[in-house]
Number of protein chains: 2
Amino acid sequence: MDAARAVSLSRQFKAIADPNRLRLVSLVSASPGSEACVCDLTEPLDLGQPTVSHHLKILVDAGILRREKRGVWAYYSLVPGALDALADVLTTRTGTGR
Amino acid sequence: MDAARAVSLSRQFKAIADPNRLRLVSLVSASPGSEACVCDLTEPLDLGQPTVSHHLKILVDAGILRREKRGVWAYYSLVPGALDALADVLTTRTGTGR
C-alpha cells in the first residue's frame, strides 16, 4: 500500500471510527430502503439535531453517506460500494498491499 | 448497534484509521507467514524504530496485532479474525444493527 492510498483510506476509516458515526451508519443501513431522514436519527442516538448533522456531514465528506434534500428534510443513504471497499482492504490479505 | 458495542468497535477502527498503521497492517499481512519483525518494518515506512514500535503498540492494544518476543526482536502477526470482524461490521447491512 503506497503512502497516498494509505492517507486516503485512513480518512474514510477516521470518519467511521467514532461511536456515534458507527451508529448512524448502522441506522441508515437498517432503515427502509437504506435511507433515513435526519429527523429519524436524532432520537435513537439521544443527540440534538445540530450534533447529528455535524456527524452526518463528516460521513458525507468522507464519501460514505450521500445526502439528498427533499422538501424541508435531508435524507441520507449509503454511497454504493463505499463500505464494501473499506471492508475489502481489511479482508484481502495481499490486497492491503495493492 | 448499542452504545457499548459502538464504543468498542470505534476503538478498533481508530487504531487502523492512521496511514502508518494501515501500512503496518498491510506489511505484516503480506509478509511470509503473515509475520514480520519490527526490524523489517522501519525501512518500508521510512520511520524510526521508536515511532514504528509506538504504532505497533496501538495495534496490539486494540487487539489487531499480536506481539511475540523471540531472541532480541519482537515479531508481529495478525490476531486471527480481528480484521474480519471489523469488515463484517461494514458489509453486513443489518449486522451493523446487531
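Q: How many salt bridges does the rule find across the interface of chain A and chain B?
A: The rule finds 0 salt bridges across that interface. A salt bridge needs a side-chain nitrogen of Lys or Arg within 4 Å of a carboxyl oxygen of Asp or Glu. Please keep in mind that this is a predicted model, in which local features need pLDDT of at least 70 and side-chain atom pairs count only at pLDDT 80 or more, while totals for chains, interfaces and linings use all residues. Residues are numbered from 1 along each chain as its sequence is written, chains are lettered from A and ligands numbered from 1 in the order in which they are written, and side-chain values use heavy atoms, with hydrogens and water left out.

Q: What do chain A and chain B bury between them?
A: Together they bury about 2500 Å², and 70% of it is on carbon and sulfur atoms. Buried area is the accessible area (1.4 Å probe) that two parts lose on being put together, summed over both. On the side of chain A that touches chain B, α1 (3–16), α2 (19–30) and α5 (82–91) of chain A each give two or more residues. The largest share, 8 residues, comes from α1(A).

Q: How do you know which residues Phe13(A) is in contact with?
A: Contact means heavy atoms within 4.5 Å. Leaving aside neighbours within four places in sequence, the partners of Phe13(A) include Leu86(A) and Leu90(A), and also Phe13(B) and Ile16(B) of the other chain. In the largest nonpolar core, which has 59 residues, Phe13(A) and Phe13(B) touch the most other members. Such a core is a set of buried Ala, Val, Leu, Ile, Met, Phe, Trp, Tyr and Cys residues joined through side-chain atoms within 4.5 Å.

Q: What makes Ser77(A) count as buried?
A: Buried means under 20% relative accessible area, with a 1.4 Å probe and protein chains only. Ser77(A) has 12%, so the residue is buried. Ser77(A) lies in strand β3 (residues 73–78) of chain A, and its contacts beyond four places in sequence include Val28(A) and Ile64(A).

Q: Why are β2(B) and β3(B) said to pair?
A: Two strands pair if DSSP finds at least two bridges between them. Strand β2 (residues 65–70) of chain B and β3(B) have 6 bridges, in the antiparallel sense. One of the partnerships is Lys69(B) with Ala74(B) in β3(B). The two strands form a hairpin with 2 residues between them, and Gly71(B) in the turn has a positive phi of about 65 degrees.

Key. Helix = DSSP H or I, 4+ residues; strand = E, 2+ residues; numbered from the N terminus. Buried < 20%, exposed > 50% of the residue type's maximum accessible area, 1.4 Å probe, protein only.
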